[in-house]
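Hi everyone, thanks for making room for me on the agenda. I'd like to walk you through one model today, so let me put it up on the screen.

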Amino acid sequence: MFDLIVKGGTLPDGRVADIGITSGKITAIEKLDAEAGQVIDATGDLVSPPFVDPHFHMDATLSYGTPRINASGTLLEGIGLWGELKQVMTPDEVRDRALAYCDWAASMGLLAIRSHVDTCDDRLMGVEALLEVKKQVAGYIDLQLVAFPQDGLYRDPTALQNTIRALDMGVDVVGGIPHFERTMADGAASVTQLCEMAAERGLMVDMHCDETDDPMSRHIETLIYETQRLGLQGRVAGSHLTSMHSMDNYYVSKLLPLMAEAEVAAIPNPLINIVLQGRHDTYPKRRGLTRVKEMLAMGITVGWGQDCVMDPWYSLGTADMLDVAFMGLHVAQMTSPDEMRQCFEMVTNTNASIMGLTDYGLRVGAKASLVVLDAGNPIEALRLRPDRLCVIAAGRVISGKTRNDARLTLPGRPESVRRRHPAHSGEFN
Ligand SMILES: [Zn+2]
């Protein structure tokens, strides 16, 4: 007797199986004839582990237009605008925006999020609000927080002490922004000090690193070096790494093997990188996405992050990690079937591994968090970015949606359209 059985779905690896759930855990993945308290029919639909976002800013989300919009569309105006927003926001308002976003995420099957939280505000309002939100959503979203000195660990007079306070309050991961410090030397020193802090506390590191079009921004080199020196292999991620797009090829040929050796992961954020980078260019205009395919070929762990939804840096976004992967596969030109399947893997299992989630996955013994999608396989899911028909968190159905077929009224044509392709749906291709 199971609490819940998800019946007949197609798993991302192409197997068709029933999934039995007991006490919030997956207890069987096979053909089941057993009884269950609840049965969900997923015949012909894709059943995936939940989506995971390894890079987000939940203290800024859904604030678009407050107090004004970003007129230039640049990263630097966004940072200035965020400074203005910090002056007018309140703890309740931050919490309410974050909780509203978590509702969106839950409905999209996005059940694990790593969010940076600004630690430059002396009141640490965002930190307090998001620590409370983390507790509130714990039953359905794994929310991991990164102490992020947005205005620069040294550039801002109180950022260092506030970042230490935030970590003392229970923030999980050490962040940084070396390319925003006053000098290259300060940037490198900030990487060293933050990595030492993480090593002392036994924490992971995730830095905004080289989010610039300046090919000389090479803080990733220091991040790799400190990871190796301090024995932090497998616990460090560099977010964005956009300068690598513009770096000298010979230098990159030295850099990537070092990155692979130190097991430093990369988190590009394609929706944001394609919008913010290259703004100072005429033509040719750089894409501002890091070297994703080249890193994957070197065996480096690369996940796709979302970064922003309706905030000072980005006016769009829907909490759909398939949108993120869709943009990523276009900009990185990852269009072969294997590459597209890898993009789906990146927004699920790979992102979970970057976050260090140990109870995640579609396997017996893992937490029973699952998404049923109106698609036949991962590639079709990327193409359609379809409805999440059912979202299950720790064995509990938390969101559902009726299948949303269009009704046609054309003589001689079918009455409804789902946009699935008969030759590429249902079966693994
Ligand atoms: Zn970010």
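Let's begin in a loop, the one between β6 (51-57) and α1 (75-88), where you will find Pro 67. Please keep in mind that what you see is a predicted model. The peptide bond between Thr 66 and Pro 67 is cis, with an omega of about -5°. There is another cis bond to show you, from Tyr 283 to Pro 284, and there omega is near 0°. Pro 284 also sits in a loop, between α9 (270-276) and α10 (292-297).

While we are on backbone geometry, here is some background: most peptide bonds are trans, and most residues other than glycine have a negative phi. With that in mind, look at Gln 333, which is not a glycine and has a positive phi near 55°. Gln 333 belongs to the loop between α11 and α12 (337-355). At 46% relative accessibility, Gln 333 counts as partly exposed. Arg 419 is another non-glycine residue with a positive phi, near 65°. You will find Arg 419 in the segment after β17 (416-417), and its relative accessibility of 58% makes it exposed.

Gln 333 comes just after α11, so let me stay with that helix for a moment. Helix α11 covers residues 321-331, and its buried residues include Met 321, Leu 322, Val 324 and Leu 329. At the start of α11, a side-chain oxygen of Asp 320 comes to within 2.8 Å of the backbone nitrogen of Leu 322.

Now to another aspartate. Is Asp 206 buried or exposed? Asp 206 is buried, because its relative accessibility is 0%, and the cut-off for buried is under 20%. Asp 206 lies in strand β10 (residues 204-209). What does its side chain pair with? One polar contact, at 2.8 Å, is with the side chain of Arg 114, and there is a 2.8 Å polar contact with the side chain of Ser 239 as well. Beyond its sequence neighbours up to four places away, Asp 206 touches a whole list of residues, among them Pro 54, His 116, Val 146, Gly 175 and Ile 267.

Let's move to the N-terminal part of the sequence. Ile 19 is in strand β2 (residues 16-22) and is buried, at 1% relative accessibility. Leaving out neighbours within four places, its contacts include Leu 4, Val 6, Ile 29, Val 47, Leu 362 and Leu 370. Gln 38, in strand β4 (residues 36-41), is partly exposed at 39%. Outside its own stretch of four places either way, Gln 38 touches Asp 3, Leu 4, Ile 5 and Val 397.

Finally, let's zoom out. The protein has 13 helices and 17 strands. Its radius of gyration is 22 Å, which agrees with the value near 22 Å for a compact globule of 429 residues. Along the principal axes, the C-alpha atoms fill a box of roughly 65 × 45 × 45 Å. Of the 429 residues, 56% count as buried. Among contacts between residues at least 6 apart in sequence, 76% join residues at least 24 apart. The exposed area is about 17,300 Å², with 52% of it from carbon and sulfur atoms. As for charge, there are 40 positive and 56 negative side chains, and the centres of the two sets lie 3 Å apart.

That's my tour, and I'm happy to take questions.

Terms used: Residues are numbered from 1 along each chain as its sequence is written. This is a predicted model: local features need pLDDT of at least 70, side-chain atom pairs count only at pLDDT 80 or more; totals for chains, interfaces and linings use all residues. Side-chain values use heavy atoms; hydrogens and water are left out. Helices (H or I, at least four residues) and strands (E, at least two) are DSSP runs, numbered from the N terminus. The radius of gyration is taken over C-alpha atoms; the globule rule is 2.2 Å times the number of residues to the power 0.38. Buried means under 20% relative accessible area, exposed over 50%, partly exposed in between (1.4 Å probe, protein chains only). Contact means heavy atoms within 4.5 Å. Accessible areas come from the Shrake-Rupley method with a 1.4 Å probe; for residues, only the protein chains shown count as cover. Lys and Arg count as positive and Asp and Glu as negative; His and the chain ends are not counted. The place of a charge is taken as NZ of Lys, CZ of Arg, CG of Asp or CD of Glu. A polar contact is a pair of N or O atoms within 3.5 Å; within protein, one must be able to donate a hydrogen and the other to accept it, and residues adjacent in sequence count only if both atoms are side-chain atoms.
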